Each structure stands twice: as structure tokens, then as C-alpha cells.
Amino acid sequence: MDIKENNESPVLRSTELQLHDSVCARTGTLWTAVAHIITGVIGAGVLSLAWATAKLGWIGGPAALIGFAGVTLVSAFLLSDCYLFPDAVNGPLRLNSYSQAVKLYLGKTNQIVCGVFVYISLVGVGVAYTIVTATCIRAIFRSNCYHRKGHNATCSYGDKNNYFMLLFGVLQIFMSQIPNFHDMLWLSVVAAVMSFAYSSIGLGLAFGQIIDEEKRQIEGSVKGSPAENRGAKVWLLFQALGNIAFSYPFSIILLEIQDTLRSPPAEKQTMKKASAAAVFITTFFYLCCGCFGYAAFGDATPGNLLTGFGFYEPFWLVDFANACIVLHLVGGYQVYSQPIFAAMERVLTERYPQNKLISKFYGFKLPSSRGVTVTLSPMRLCLRTTYVVIITGVSILFPYFNEVLGVLGAVGFWPLAVYFPVEMCILQKKIPVWTRQWILLRAFSFVCLLVSVLALVGSIYGLVAAKLR
């Protein structure tokens with residue numbers, strides 16, 4: 001095995017490639033933008049929508065889904081106007097990232113605050129994906145057990161949940177050694193296909209449950225599923241709002257998508273049309289998943305539509321759907337972790353440029369591989385392994401799907417999807433204080449803040465209650 005040193009940092013090479021892409025790759029169209037948005041939005045959060053609808057009831061559930069869709073669309077419209085700086089029409093500078101836009105419009109301090117919320121969301125997604133993956137692997141074992149022994153058999157496998165998380169963590173340690181996004185195209189494509197596959201299977205199984213000959217009954221009520229008392233019901237309502245908030249916004253990736261669009265017409269016009277189309281399609285899909293799931297199971301709607309065992313047969317389809325989730329989350333984990341890896345490595349490289357542990361990269365020529373070389377960095381190996389270990393440990397400590405999603409949705413929704421876009425819009429358009437437009441934007445932001453706070457409190461309460469049970 002031959003070893004050779006390579007002092008060129010993959011982080012710097014990644015940055016150069018991104019700058020090149022931002023200049024040369026503006027060939028996107030309305031429909032490529034729609035595809036990017038839908039792929040980025042539809043994920044594991046869709047599996048909790050039936051549970052959220054069950055807690056809110058037949059009026060509150062659909063109303064909340066439509067309400068969050070409206071907020072997401074307004075946010076997208078405001079943010080798309082901020083693509084050109086400082087003027088939305090003739091601005092000479094194109095902004096191809098959310099963080100860059102916040103820095104130029106609102107200053108360095110706001111960029112730091114924005115970064116904190118972004119990284120909290122990214123870390124939280126890693127925790128959520130670890131929990132869901134372990135639950136899905138467990139569901140596959142349970143499905144096969146029920147098929148062999150009958151639906152009344154004891155097929156818990158609860159004691160194996162931590163082992164499944166550890167297994168996922170070990171896999172991610174190896175996957176995290178992928179240098180940067182440019183080596184992950186195949187991973188993103190697989191993740192997108194899998195997300196549509198399992199979401200469609202869950203929707204189809206729920207619809208089949210409704211029209212089943214032995215049942216043919218729509219479950220549920222206007223008030224939603226009951227709780228132990230009124231206080232518990234209120235907390236569950238707030239937690240359900242957090243789960244819905246987790247499923248919608250795409251503000252972090254909007255400017256990056258807009259930067260791929262060709263012009264004329266103006267990028268913001270195409271982006272607004274794409275956002276409207278994507279939000280409409282996503283909302284229709286979410287309403288189907290949430291409402292069909294609730295109609296199928298009523299008060300017994302599981303927290304995760306595919307792992308709560310409302311479905312037993314066909315067992316192979318349930319297994320396939322859960323396998324799709326696992327494959328999607330293996331790739332999705334890396335998509336959300338790579339920005340954190342890049343940021344940590346960039347800081348260390350800039351602060352300690354002469355440190356051999358940080359600056360050296362070694363190429364390993366694999367034997368019997370026709371010249372295939374694997375690049376390995378001691379810094380990358382140590383840093384990324386430590387990160388995955390920490391994420392896995394937190395997941396084992398708090399293995400609660402709906403509660404974790406609620407916290408993540410509540411934490412990231414208002415600041416990233418509402419506050420920063422509203423503030424940038426006010427500054428860019430120079431909207432005078434106490435005018436009608438200023439009051440409407442401030443009221444919009446305040447109402448969303450109130451919803452986020454209630455969702456956060458309810459989700460934290462649910463997380464603590466679940467831990468104490």
C-alpha cells in the first residue's frame with residue numbers, strides 16, 4: 001500500500017468548486033427549481049403528519065397544514081426578493097446563500113445568530129435521523145415477527161433499539177469520511193428517490209386501510225384524539241404544531257436554488273412561481289398523508305405512520321418502505337452533516353495552518369484496485385468521528401421521535417423562515433415605520449413567534465415527560 005502526502009485541503013478545493021459552479025451553472029428552469037424544493041422539503045417529517053393531524057382534529061389539523069404552507073410561501077416570496085443586493089431589481093451582487101444574505105443585509109452579529117440556529121437545526125436533524133433509522137430497523141424485525149407468529153404475538157425488540165442506533169452510528173463514521181458535497185451526487189439522488197417511495201407507500205397503505213372491506217369507515221373527530229386531561233391535551237396540541245413546522249420550510253436552501261436559475265426572466269420571478277408550485281404540491285401531499293393516516297387509525301394513529309404498526313400486511317411492503325427510510329436517512333444524515341464538518345474544518349485550518357495533524361492529507365493507494373487512491377486526513381477522521389459519536393449518544397439518551405421533531409421544528413421555524421426574511425425585506429425596500437406594510441410584516445412575524453414559542457414549550461414538555469416515564 002503506497003502512501004503519499006497531499007498538502008492541499010479538500011475544504012479549499014470544495015470552496016473553489018462552489019465559486020466556479022455559482023458562475024457557470026445558471027441553467028436551471030422553473031421545473032428544476034420545483035424539483036429541488038420538493039426534494040429538499042419532503043423527508044422523514046412527513047411520517048409524523050398523521051399523528052399531528054390526530055392531535056389537532058379534523059378542523060385544526062388541515063387548517064394548521066394550510067396555515068404553515070401559507071407562512072412558508074410568504075417567507076419564500078420575501079426571501080426571493082433578497083437575491084440581488086442591495087436592490088431587488090438592479091442589484092449588482094448575487095447572493096447564493098442564506099448566511100451571506102443575512103450578513104450583507106443585517107450585519108455580522110445577525111449572521112452569527114443565524115448561524116447558531118442553522119447549526120442547531122443541522123445537529124438536531126442528525127439526532128432525529130438516528131432515532132428514526134433505529135425505529136425503522138426495529139420495525140422491519142417486528143413486521144417479520146408478526147408475519148411469522150401472528151398479529152397478537154409479542155414482538156417488541158425494544159431492547160435492541162440502542163444497538164440499532166450504534167449500528168447506524170458506526171455506518172455514519174465511515175460515510176462521514178466523504179470529503180465534500182461534490183462526491184455525494186449519487187447519495188443525494190438515492191435519498192430523493194427513497195423519500196418519495198416511502199411517503200407514497202405510507203399514503204397508499206393508509207388509503208387501503210380506509211377502503212378495506214371489513215372496515216370502510218373514516219375514523220377521527222373534530223376535537224382530535226383525547227388525552228389524560230385538558231393540560232395534557234394542550235401540550236400535545238403545541239407539540240403537533242412543532243411537528244408540522246419541522247416539515248415545511250426550505251428557506252435555508254432557497255437562495256442556493258435561485259442562484260442556479262437562468263435569466264431572463266428575472267430569477268426572482270421564476271423562483272416565486274417555483275415556490276408557489278412546490279408549496280401547492282407539497283401541501284396536497286401532506287394533506288393526503290395527514291388526513292388519510294388519521295382517517296385510517298383515528299385516535300390510535302401512531303407517531304410514525306410506518307413504524308407504529310397500524311399496518312401488518314402486506315408485510316413485505318412495510319419492510320420495503322422502512323428499508324427506503326433507512327436508505328434515505330443514511331444519505332440525508334450526510335447531507336445535513338457536511339456543512340458542519342466543513343465549518344469546523346475551515347476554522348481549524350485557518351487557525352492552525354502549520355499543524356501537521358490538521359494540514360496534512362494522505363493518499364492511500366489500495367492494493368488490487370487498479371490505481372484507486374483514498375484520501376485520508378487525521379483531522380477529518382478524529383473530528384467527524386467525534387461528532388457522530390456525540391450525535392449517537394444524544395439519540396440514545398432521547399429516543400423520542402415526535403418530541404424531538406417538535407423541538408427542532410419550533411426552534412428553527414420562526415428565526416429562519418420568518419424573522420430574518422422579514423427583517424431583510426424591510427431593510428431592502430426601506431419600508432417606513434408604522435406604515436401599513438410595516439405593521440403587517442411585524443404582525444406576521446409576531447404571530448409566527450408566538451406559535452413557535454408555544455410549539456417549543458409543548459415539545460420540551462413532551463420530551464421531559466417521555467424521559468421521566
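This is a short tour of two helix pairs in a predicted model.

Start by selecting residues 30-41, which form helix H2. With 12 residues at 1.5 Å a residue, H2 should span 16 Å, and the distance of 17 Å between its end C-alpha atoms agrees with that.

Within H2, colour Ala33, Val34, Ile37, Ile38 and Val41, the buried residues of this helix. They lie on the same side of H2, because the arc they cover around the axis is only 130°. In general, an α-helix has 3.6 residues a turn, so residues three or four places apart point the same way.

Next, add residues 267-297, helix H10. The axes of H2 and H10 come within 8 Å and cross at roughly 40°. That angle makes H2 oblique to H10, since angles under 35 degrees would count as roughly parallel. The crossing of this pair is right-handed.

Now show the side chains where the two helices meet. On the H2 side, select Leu30, Ala33, Val34, Ile37, Ile38 and Val41. Their partners in H10 include Thr270, Met271, Lys273, Ala274 and Ser275. Further along H10, the contacts also include Ala277, Ala278, Ile281, Thr282 and Tyr286. Ala33, Val34, Ile37, Ile38 and Val41 thus appear both among the buried residues of H2 and among the residues that meet H10.

For the second pair, select helix H5 (residues 108-149) and helix H14 (residues 401-429). Their axes come within 10 Å and cross at roughly 155°. H5 and H14 are therefore roughly antiparallel to each other, as angles over 145 degrees are counted that way. H5 passes H14 in a left-handed crossing, whereas the crossing of H2 and H10 is right-handed.

Methods
Residues numbered from 1 in each chain as written. Predicted model: local features only at pLDDT ≥ 70, side-chain atom pairs only at ≥ 80, totals over all residues. Heavy atoms only, no water. Helix = DSSP H or I, 4+ residues; strand = E, 2+ residues; numbered from the N terminus. Expected span 1.5 Å × (residues − 1). Buried < 20%, exposed > 50% of the residue type's maximum accessible area, 1.4 Å probe, protein only. Arc of directions from axis to C-beta. Axes fitted to C-alpha atoms, helices over the stretch in contact; angles between N-to-C directions. Parallel < 35°, antiparallel > 145°, perpendicular 65-115°, else oblique. Left-handed = near helix turned anticlockwise from the far one by under 90°. Contact = heavy atoms within 4.5 Å.
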